[in-house]
Amino acid sequence: MPTETVYGLAADAGNASAVRRIFEAKGRPSDHPLIVHIAFPATMDAAGWRAAVAPFAREVPEFASALMQAFWPGPLTLIVPRRPEMAAVAAGGQDSVGLRCPSHPVAQALLLAAQALGVAGVAAPSANRFGRVSPTAAAHVAEEFAALDDGSLLILDGGACSVGIESTLIDCSRAAPVLLRPGTITAAQIEIACGLAVRERDAAAPRASGTLASHYAPRATVRLMPAQQLQAALDVLGTDAKNIAVYARHALRAARAVPQRRMPDDAHQAAHELFAVLRELDATGVRLIWVETPPDGPAWDGVRDRLQRAAA
Ligand code: TXA
Ligand code: MG
């Protein structure tokens, strides 16, 4: 299924065997929980959102309710205490569940159609093999699962994902919001919307595979460098700079033609194209992808996080 962030590999969250097939297809350990996606409520106010999450959430703290009103439908996932009888396999053994209401119209059409069939929520991780680059176009999904496809893979083509990196992941199972995975919604925006300081993850925070040091990796080795160091490295190699591709905000000189893409100066634009560019450069068959370190500052947190993990 398409979403505004990345494509997801979807199953009825209440169907244990369908959910197990997601873990198998991704090659993901079964104790890494999946996000459950829910349809819009008829009225998008506090009561509407509470009703929408009620099938899965055992309780909804006030600050989580404020975040739903501020950012749903949209690229934000909230982890809340789970009703023990609901989505147990999708939740990977956690007593919590990650919930998200995506804004993509095709995702919503699917969720509403599923709801009409009695499906309360759709479990969907990013539709990539475990540890690999997330898909932001239908063709990427086909590529990811080409080896597995026995004709049973059905891809809903919703075009290129507008956001391009996965949702911001906030743990709401404790007294204050904890940022588990940065996205395009920043910690500062979360603080303004709910009036509480956002904490960094600590040892007590739930596990999340998107927070493993190495993730989002293409086949080629990714290396992050400031522009000057990148230029110096290209200069040293001169005409020997084969097997290298470059993704940088600054224009760089190379003594031979290297596959090169210009990183946008705008963080949202960079997020939008990041995974597609990594796939495109990877597909040229290079062994190394040299990427200019993204700027400091909160707007770039999501892109910086994905690139650091791709390089780990
Ligand atoms: O934008 C997104 O969030 C996309 C689209 C398809 O919605 N989905 C996505 O799913 O990125 P996935 O499975 O690739 O990443 C979800 C992250 C994982 O790091 C998972 O461990 C964490 O959310 N997560 C989900 N439920 C959790 C829970 N109950 N406790 C802790 N972490 C959880
Ligand atoms: Mg993922």
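Here are a few questions and answers about the pockets in this predicted model.

Q: What is the volume of the largest pocket?
A: Let's start with where this pocket sits: L9, A10, S152, L153 and L154 are the residues closest to its centre, out of the 27 that line the largest pocket. As for the space itself, the largest pocket has a volume of about 740 Å³.

Q: Which element supplies the largest share of the lining of the largest pocket?
A: Three elements each put at least two residues into the lining of the largest pocket: β1 (11-12), α1 (16-26) and α4 (105-116). The largest share is 5 residues, and the element behind it is α1.

Q: How many residues of the lining of the largest pocket are nonpolar?
A: Take the other classes out of the way: the lining of the largest pocket has 2 polar and 5 charged residues. The nonpolar ones number 20.

Q: Which element gives the largest share of the lining of the second largest pocket?
A: This pocket holds about 300 Å³ of space. Its lining gets two or more residues from α5 (138-144) and from α8 (267-283). The largest share, 6 residues, comes from α8.

Q: How many charged residues are in the lining of the second largest pocket?
A: Nearest the centre of this pocket, among its 14 lining residues, you'll find E143, E144, R219, R279 and D282. The whole lining includes 6 nonpolar residues and 1 polar one, while the charged count is 7.

Q: Where does the second largest pocket lie with respect to the domains?
A: Look at who lines it: domain 1 (11-200) gives residues to the second largest pocket, and domain 2 (221-310) does too. Both contribute, so the pocket lies between domain 1 and domain 2.

Key: Residues numbered from 1 in each chain as written. Chains lettered and ligands numbered in written order. Predicted model: local features only at pLDDT ≥ 70, side-chain atom pairs only at ≥ 80, totals over all residues. Heavy atoms only, no water. 1 Å grid on protein atoms, 1.4 Å probe; cavity = no way out; pocket = protein on both sides within 12 Å on 5 of 7 lines; lining within 4 Å. Points joined across faces, edges and corners; volume = space filled by probe spheres on them. Helix = DSSP H or I, 4+ residues; strand = E, 2+ residues; numbered from the N terminus. Nonpolar A, V, L, I, M, F, W, Y, C, P; charged D, E, K, R; others polar. Domains from an automatic or database assignment.
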